[in-house]
Amino acid sequence: MKRVLTIQDISCLGKCSLTIALPVISALGSETVILPTAVLSTHTMFKNFTVKDLSDQIEPIADHWKNEGVEFDAIYTGYLGTAEEIDQMKELFKTFKKEGTLIFVDPVMADNGKLYPAFDMDYVKKNAELCAAADIIVPNITEAAFMTGMEYKEEYDEAYIKEMLAKLNEFGARISVLTGVSLSPGKTGVMGYDREADDYFVYQNDRIDASFHGTGDLFSSTCVGEMMRGKDWREALQIAADYTAHTIEVTMKNPDKPWYGVDFEATLPDLMR
Ligand code: PXL
């Protein structure tokens, strides 16, 4: 069985980060080891959330695993929390990256043109450095705009996306993927670039006019889980995009849907099928 380490916060209530990654990657058949970067009462879209930073736990936990000789087939990072933790990730990658270990970085820090409440430009800079240590990076357009210094646009063409991918590619990851890319009216999806193959990949499906929290984490977790099942990155992206769209669609039909997240619990059986 493949073993995946995922490093993100625990938002106790809110359906995002580890509370999505753990069930989704497990359901896709990989052992899922977690390293919580912080404990929050809820995700940061709620008011008055509590936060306990766990950066002082990263090193002792990683040291223990190292002494136990633990190895990982993939390391997947998402929302971390502090710039210090991003530096710690770089060390952790060095310690645990073996031949064939996939380093998957989702530089979670912003959406819709804005940084999340906890973050500043120093955090952005550190995330760009972390992307350099990855095999595959999956920022959304907002995150990529912050990291590359390009203007954030809501209306754009393929040339804008290709320029952004070229700038992301300069960071050094083998595969750079932009999420939330809409290349024609009514469509949304992803566009990626593989530097070794010098090859682009585009996948678009129907855009549903709704924005839910945690869908980026659902997308990335599905992608990691599918790559661990042996899927090529392009196929994994496609499955993840379709599954995320399907989950949003199902959530929209639920009259009791929570405002803070998607009903992935209802769609996980579809993914496993
Ligand atoms: O889904 C991304 C995410 C993860 N973790 C926390 C968040 C967010 C987005 O706002 O607040 C704590």
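A polar contact is a pair of N or O atoms within 3.5 Å; within protein, one atom must be able to donate a hydrogen and the other to accept it, and residues adjacent in sequence count only if both atoms are side-chain atoms. The views below come from a predicted model, in which local features need pLDDT of at least 70 and side-chain atom pairs count only at pLDDT 80 or more, while totals for chains, interfaces and linings use all residues. Residues are numbered from 1 along each chain as its sequence is written, and side-chain values use heavy atoms, with hydrogens and water left out.

**View 1. Polar contacts of Thr267 in helix 9.** Thr267 belongs to helix 9, residues 264-272; helices (H or I, at least four residues) and strands (E, at least two) are DSSP runs, numbered from the N terminus. The side chain of Thr267 makes a polar contact of 2.9 Å with the side chain of Thr247. A polar contact of 2.9 Å also links the side chains of Thr267 and Tyr243. Leaving out residues up to four places away in sequence, Thr267 touches Tyr243, His246, Thr247 and Val250, where contact means heavy atoms within 4.5 Å. Thr267 counts as buried because its relative accessibility is 0%; buried means under 20% relative accessible area, exposed over 50%, and partly exposed in between (1.4 Å probe, protein chains only).

**View 2. Packing of helix 2 with helix 3.** Two packed helices are described by the angle between their axes and the distance between the axes. Helix 2 (residues 55-68) packs on helix 3 at an angle of about 5 degrees, and the axes are 10 Å apart. Axes are lines fitted to C-alpha atoms, for helices over the stretch in contact, and angles run from 0 to 180 degrees between N-to-C directions. Helix 2 and helix 3 are therefore roughly parallel to each other; angles under 35 degrees count as roughly parallel, over 145 as roughly antiparallel, 65 to 115 as roughly perpendicular and the rest as oblique. Helix 2 contributes Ser55, Ile58, Ala62, Trp65 and Lys66 to the contact, and helix 3 contributes Glu84, Glu85, Gln88, Met89, Leu92, Thr95 and Phe96. These residues divide into 6 nonpolar, 3 polar and 3 charged (Ala, Val, Leu, Ile, Met, Phe, Trp, Tyr, Cys and Pro count as nonpolar, Asp, Glu, Lys and Arg as charged, and the others, Gly among them, as polar).

**View 3. Packing of helix 3 with helix 4.** The axes of helix 3 (residues 83-96) and helix 4 (residues 121-132) cross at roughly 10 degrees and come within 9 Å. Helix 3 and helix 4 are therefore roughly parallel to each other. From helix 3, Ala83, Ile86, Asp87, Met89, Lys90 and Phe93 meet Asp122, Tyr123, Lys126, Asn127, Glu129 and Leu130 of helix 4. The contact residues divide into 6 nonpolar, 1 polar and 5 charged.

**View 4. Surroundings of Ile25 in helix 1.** Ile25 is part of helix 1, residues 18-27. With a relative accessible area of 0%, Ile25 is buried. Not counting residues up to four places away in sequence, Ile25 touches Val4, Ser30, Thr32, Tyr76, Ser221 and Val224. The C-alpha atoms of Ile25 and Ser220 are 9.8 Å apart, and these two residues are separated by 195 residues along the chain.

**View 5. Surroundings of Val108 in a loop.** Val108 sits in the loop between strand 5 (102-105) and strand 6 (110-111). Val108 counts as buried, at 10% relative accessibility. Among residues beyond four places away in sequence, Val108 touches Gly78, Tyr79, Tyr116, Phe119, Tyr123, Asn127, Glu143 and Asp217.
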